[in-house]
Amino acid sequence: MYQNLSIRSLGPHEVSYNHHMHQKPFILSTPNSQNLNINDVSTQMLEEVKETYQRYGRVMLRGFKSDGPRCFQSLLERLDFDLDGEYLGGASPRSNVTTKVYTSTDAPGPFIISYHTEMCYLNHRPRQLAFYCQQPPPHNGETPIFDCHQIYLNLPLSLSKKLETKQLMYVRYFSSKKSWLNVYKTWQDTFLVENKQQLAEKLKATGLESEWLDDGILKVSCTVPALIQDPVTGKKTISLTLFNKWAFHSNLNRFKDRYFTPLRKAVDWYAMRQYDKPKVFFETLFGDGSQINKEETEQIQQAAWDAATVFKWQQDDILLLDNIRWGHGRLNVIKPRKVIAALGNMYDIREMTLQSHQVET
Ligand SMILES: [Fe+2]
């Protein structure tokens with residue numbers, strides 16, 4: 001059977017906020033895709049998916065049938081994704097679904113996961129991401145997609161220069177005990193080790209700075225570029241995740257209409273308590289260790305949300321994202337929501353740093 005693949009943009013009924021990306025092709029489907037299992041698509045169609053992904057860095061396969069996580073993993077392998085099964089050093093609480101597919105996040109539903117590129121706080125991070133929607137949420141739970149070059153253009157010039165020059169330092173403090181609400185992970189779960197010797201080997205291999213503090217807390221830091229050259233387009237892109245109390249607070253405020261007020265206040269109170277601790281579990285600083293202040297935080301947030309399209313998941317959606325060109329997040333959700341994720345084509349940012357200082361804007 002000839003499978004005619006069509007390409008279109010997201011329609012107004014498919015998004016929650018920001019419609020400006022509708023002109024860009026995004027969705028791939030076929031007229032008869034409801035009868036077509038994603039693993040039965042032809043080689044010719046797979047080539048079209050690869051071409052579109054290479055060109056735009058984002059593809060949504062919508063309207064196909066799928067038989068769950070193994071089917072998703074098998075599709076990615078047919079698309080030549082070199083899947084990573086470890087998520088080594090990753091911050092988000094996740095569970096394995098197959099050997100190389102995870103839950104996208106187990107973070108509490110009321111939390112907003114704002115703009116980030118995956119594992120941007122580590123040297124080793126994926127070039128490719130894929131998500132599969134097993135169960136769309138009954139309410140909310142949309143995924144925003146962020147145009148990382150547009151974020152760069154949206155930033156005040158002085159701030160983008162500062163980010164480029166100073167870079168970013170991510171500081172994390174780990175305990176060996178699990179946290180209440182499963183918000184942050186232990187060092188054992190994060191680095192997939194059982195003892196300190198194994199941990200030391202993993203930290204050395206990943207090029208992270210570390211220090212054991214007197215109270216048995218592990219401090220880990222990593223300094224990485226905030227600007228990366230997109231190898232496909234040569235354009236500058238912003239790559240970061242912003243952890244500080246202002247970022248958390250401003251996201252809650254931005255989407256306050258989506259909350260029952262007492263719940264929003266409780267979430268805000270909980271987050272503020274975490275950030276008031278001297279050893280906050282995760283903090284984003286400039287590379288010289290100085291704070292990203294409230295105004296700068298809000299400028300970055302505004303630049304990101306102005307470059308976002310927020311789409312609603314449908315059953316069996318598969319989303320492929322280039323992790324340099326596109327950031328992502330998750331809005332607050334009333335669960336259940338089953339979106340699973342896979343990471344592919346790991347690379348080392350230290351091998352790209354020099355190029356990023358030579359590119360055109
Ligand atoms: Fe993520």
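In the predicted model, four strands form an open sheet in which the order is 13-14-12-17 and the pairing is antiparallel. The edges of this sheet are strand 13 (209-212) and strand 17 (282-286), each of which pairs on one side only, and the twist from one strand to the next averages 20 degrees. Within the sheet, strand 12 (residues 168-174) and strand 14 (residues 218-224) are joined in the antiparallel sense over 7 bridges, and Arg172 stands opposite Val220 of strand 14.

A further open sheet contains 5 strands in the order 2-18-11-20-8, again with antiparallel pairing. Its edge strands are strand 2 (15-17) and strand 8, each pairing on one side only, and neighbouring strands are turned against each other by 25 degrees on average when direction is ignored. Strand 8 (113-116) runs antiparallel to strand 20 (residues 326-330), to which it is joined by 2 bridges, with His116 placed opposite His328 of strand 20.

Strand 4 (residues 58-61) has side chains pointing in two directions, with Arg58 and Met60 directed one way and Val59 and Leu61 the other, and all of these residues are buried. Strand 4 pairs with strand 3 (residues 27-29) in the parallel sense over 2 bridges, and in this pairing Leu61 is the bridge partner of Leu28. Strand 4 is also joined by 4 bridges to strand 19 (residues 318-322), and these two strands run antiparallel; here Leu61 stands opposite Ile318 of strand 19.

Ile318 also appears in the largest nonpolar core, which holds 84 residues and in which Ala130, Phe146, Ile151, Ala304, Ile318 and Ile340 touch the most other members. This core draws at least three residues from each of domain 1 (6-141 + 310-356) and domain 2 (152-301). For Ile151, the contacts that remain once neighbours within four places in sequence are left aside are Phe146, Ile238, Ala303, Ala304 and Ala307; Phe146 and Ala304 are, like Ile151, among the core residues that touch the most other members.

Helix 7 (residues 245-254) has as its buried residues Ala247, Phe248, Ser250, Asn251 and Leu252. These buried residues pack against strand 8, helix 8 (261-275) and helix 9 (294-305). The axes of helix 7 and helix 8 come within 9 Å and cross at roughly 175 degrees, and because angles over 145 degrees count as roughly antiparallel, helix 7 and helix 8 are therefore roughly antiparallel to each other. The contact between these helices is made by Lys245, Phe248, His249 and Leu252 of helix 7, together with Arg264, Val267, Asp268, Ala271, Met272 and Tyr275 of helix 8. Phe248 and Leu252 thus appear both among the buried residues of helix 7 and in its contact with helix 8.

At the level of the whole protein, the domain assignment gives domain 1 (6-141 + 310-356) and domain 2 (152-301), whose centres, taken over C-alpha atoms, are separated by 22 Å. The contact between the two domains takes 31 residues from domain 1 and 33 residues from domain 2. On the side of domain 1 that touches domain 2, the elements that give two or more residues are strand 8 and helix 10 (353-356), and helix 10 gives the most, with 3 residues. Strand 8 therefore has several roles in this description, as an edge strand of the 5-stranded sheet, as an element against which the buried residues of helix 7 pack, and as a contributor to the side of domain 1 that touches domain 2.

Definitions and conventions: Residues numbered from 1 in each chain as written. Predicted model: local features only at pLDDT ≥ 70, side-chain atom pairs only at ≥ 80, totals over all residues. Buried ≥ 20, exposed ≤ 12 C-beta atoms within 10 Å, placed from the backbone. Contact = placed C-beta atoms within 7 Å. Pairing = 2+ DSSP bridges. Core = buried A, V, L, I, M, F, W, Y, C linked by C-beta atoms within 7 Å. Domains from an automatic or database assignment. Axes fitted to C-alpha atoms, helices over the stretch in contact; angles between N-to-C directions. Parallel < 35°, antiparallel > 145°, perpendicular 65-115°, else oblique.
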